[in-house]
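User: I'd like to go through this model and ask what stands behind each label. Can you set the values against the cut-offs for me?

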Amino acid sequence: MRSPASSPPPRSAPAGVARGLGARLLTALVVVLVAGGATAWLVAAAVGPGLFHTHMVSAGLGDHDAAVLHAERAFREASTVSLAVALGAAAVASVAVSLVLTRRIGRSLAAVSAATARLGAGRYDERVPASALGAEFDELAASVNALAARLQEAERLRARLLADVAHELRTPVATLTGYLEAVEDGVRPLDAATIAVLRDQAVRLTRLAQDLADVTHAEGGDLVLDRAPVAPVDLLRAAGAAHEPVPGGPALVLDAAPGLPRVRVDRTRIVQVLDNLVANAVRHTPPEGTVTLTATRTGTGVQLSVTDTGEGIAAEDLPHVFERFYRAGTARDRTGGGAGIGLAISRALTEAHGGTLTATSAGRGAGATFTVTLPVD
């Protein structure tokens, strides 16, 4: 086995790549310049003297006159010197411009390479500045920056997801532990009330685990759907039946447009989506308010909407309401709602059917509307 000391030191990939590309570009430009100069020299040497001699003969001078020979010699020498000076000056200028260009390209690519290396190391706040080398380089920088932003957001959500899962688990586990210790110490009897509390906390843990499994399967695309044609109004009726108006609760109104086409969906899953939306609307609507369930035709699909006159959602919270464990102020207060994963499940199940789930609200106190759009076969 080779000892660690004998291992070659790691190379700096970004700098090596940048220098190698710059050298190759400069070499290629020099080769092009040498080829162009040599071609120009050969063409001038082959064409120039003969063309000059033809013009001299056409002027009435003899082929071997001293004046003609002297003029041709002068032409060759002048052409050689002027062409050499011109090509030399062009070569110096071209190399200088090529050197500047290759260095700029090398620095730009080195910046992109270094940024991607830092992104790979977990520094998701890294960004690539614009290089001003053209649309292609700007698009490359923009793509890397967009990737960095997505990774940064994903890391933020991951960290918050872990914190929220820990919070959701802490309460039922603490309750179970406290009650079990009380029973063991003889402080509390193992009666029906104690068993009911223990069972409720166990159910809460089971529901959380099932919710996480459901949203993971739905977002992963491996959810099995039992599709069948269903009338949209039947879906709304099934969701509303579990939340029939009770004394002290908001009124439920069903408003379905006539003649709507059937949608081919998994009835159980879509009712689960609508049931969650209706439950949220009822929970956050005052007793004197109204929850309206509507079904309308739109383009090539059908829209199923749940509109309430309750607490509403602030503008800054709207983009996040479908994130796991997100709670928008009082509308998602931990003491008044569930685990905060129901809307994430609803969106994932809707998208698994090829549809969309959106939320709109005019702000706090102005109610909210959640709309499920399903395609029509």
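**Labels and their reasons**

Analyst: Let's start inside the sheet: six of the eight residues of β5 are buried, so β5 is largely enclosed by the rest of the structure. Keep in mind that this is a predicted model.

User: What makes β4 and β5 a pair of strands?

Analyst: Pairing takes at least two bridges. Eight bridges join β4 (residues 290–298) to β5, and the two run antiparallel. One place to look is Thr296, which stands opposite Gln303 in β5. The hairpin of β4 and β5 has two residues between the strands, and Gly299 there takes a positive phi near 55°.

User: And how do you know that β5 and β7 pair?

Analyst: Use the bridge count again: β5 and β7 share eight bridges, in the antiparallel sense, against a minimum of two. On the β7 side, Thr371 is the bridge partner of Ser305, and Val372 is the partner of Leu304.

User: What about β6 and β7, how many bridges do they have?

Analyst: Five, antiparallel, with β6 covering residues 356–360. Thr356 stands opposite Thr373 in β7. Five bridges also satisfy the requirement of at least two, so the label "pair" holds.

User: Why are β2 and β6 called edge strands?

Analyst: The sheet has five strands in the order β2-β4-β5-β7-β6; it is open, and its pairing is mixed. β2 (251–256) and β6 are its edges, as each pairs on one side only. Neighbouring strands in this sheet are turned by 15° against each other on average, ignoring direction.

User: What packs on that sheet?

Analyst: α7 does, touching β6 and β7, and its direction makes about 140° with that of β6. The buried residues of α7 are Leu343, Ala344, Ile345, Ser346, Ala348, Leu349 and Thr350. Just after α7, Gly354 takes a positive phi of about 80°.

User: Which helix crosses α7, and how is the crossing described?

Analyst: That would be α6 (residues 267–283): the axes of α6 and α7 come within 9 Å and cross at roughly 145°. Two packed helices are described by exactly those two things, the angle between their axes and the distance between the axes. As for handedness, α6 passes α7 in a left-handed crossing.

User: What makes up the contact between α6 and α7?

Analyst: From α6 come Arg269, Gln272, Val273, Asn276, Leu277 and Asn280, and they meet Gly342, Leu343, Ile345, Ser346, Leu349 and Thr350 of α7. Sorted by class, that contact has five nonpolar, six polar and one charged residues. If the polar count surprises you, remember that Gly goes in the polar class.

User: Now the rings. How many aromatic pairs does a search of the whole structure find?

Analyst: One. Phe322 and Phe370 form it, with 6.1 Å centre to centre and 90° between the planes.

User: Why is that pair called edge-to-face?

Analyst: Check the distance, then the angle. Ring centres must lie within 6.5 Å to pair, and planes over 60 degrees apart count as edge-to-face. Phe322 and Phe370 have 6.1 Å and 90°, so both conditions are met and the label follows.

User: And what makes it a link between distant parts of the chain?

Analyst: The two residues are 48 apart: Phe322 lies in the loop between β5 (301–308) and α7 (342–352), while Phe370 is in strand β7 (residues 368–375).

User: Are Phe322 and Phe370 buried or exposed?

Analyst: Phe322 and Phe370 are both buried. For Phe370, the setting is a mostly covered strand, with six of the eight residues of β7 buried.

User: Why is Arg127 called partly exposed?

Analyst: Buried means under 20% relative accessible area and exposed means over 50%. Arg127 has 34% relative accessibility, so it falls between those limits and counts as partly exposed. Arg127 is found in the loop between α2 (66–120) and α3 (135–184).

User: What does Arg127 touch?

Analyst: Asn145, Ala148, Ala149 and Gln152, leaving out residues up to four places away in sequence. Arg127 and Leu147 are 20 residues apart in sequence, with 9.6 Å from C-alpha to C-alpha.

Note on methods:
Residues are numbered from 1 along each chain as its sequence is written. This is a predicted model: local features need pLDDT of at least 70, side-chain atom pairs count only at pLDDT 80 or more; totals for chains, interfaces and linings use all residues. Side-chain values use heavy atoms; hydrogens and water are left out. Rings of Phe, Tyr and Trp (its six-membered ring) pair if their centres lie within 6.5 Å; planes under 30 degrees apart count as stacked, over 60 as edge-to-face and the rest as tilted. Helices (H or I, at least four residues) and strands (E, at least two) are DSSP runs, numbered from the N terminus. Buried means under 20% relative accessible area, exposed over 50%, partly exposed in between (1.4 Å probe, protein chains only). Axes are lines fitted to C-alpha atoms, for helices over the stretch in contact, and angles run from 0 to 180 degrees between N-to-C directions. A crossing is left-handed if the near helix is turned anticlockwise from the far one by less than a right angle, and right-handed if clockwise. Contact means heavy atoms within 4.5 Å.
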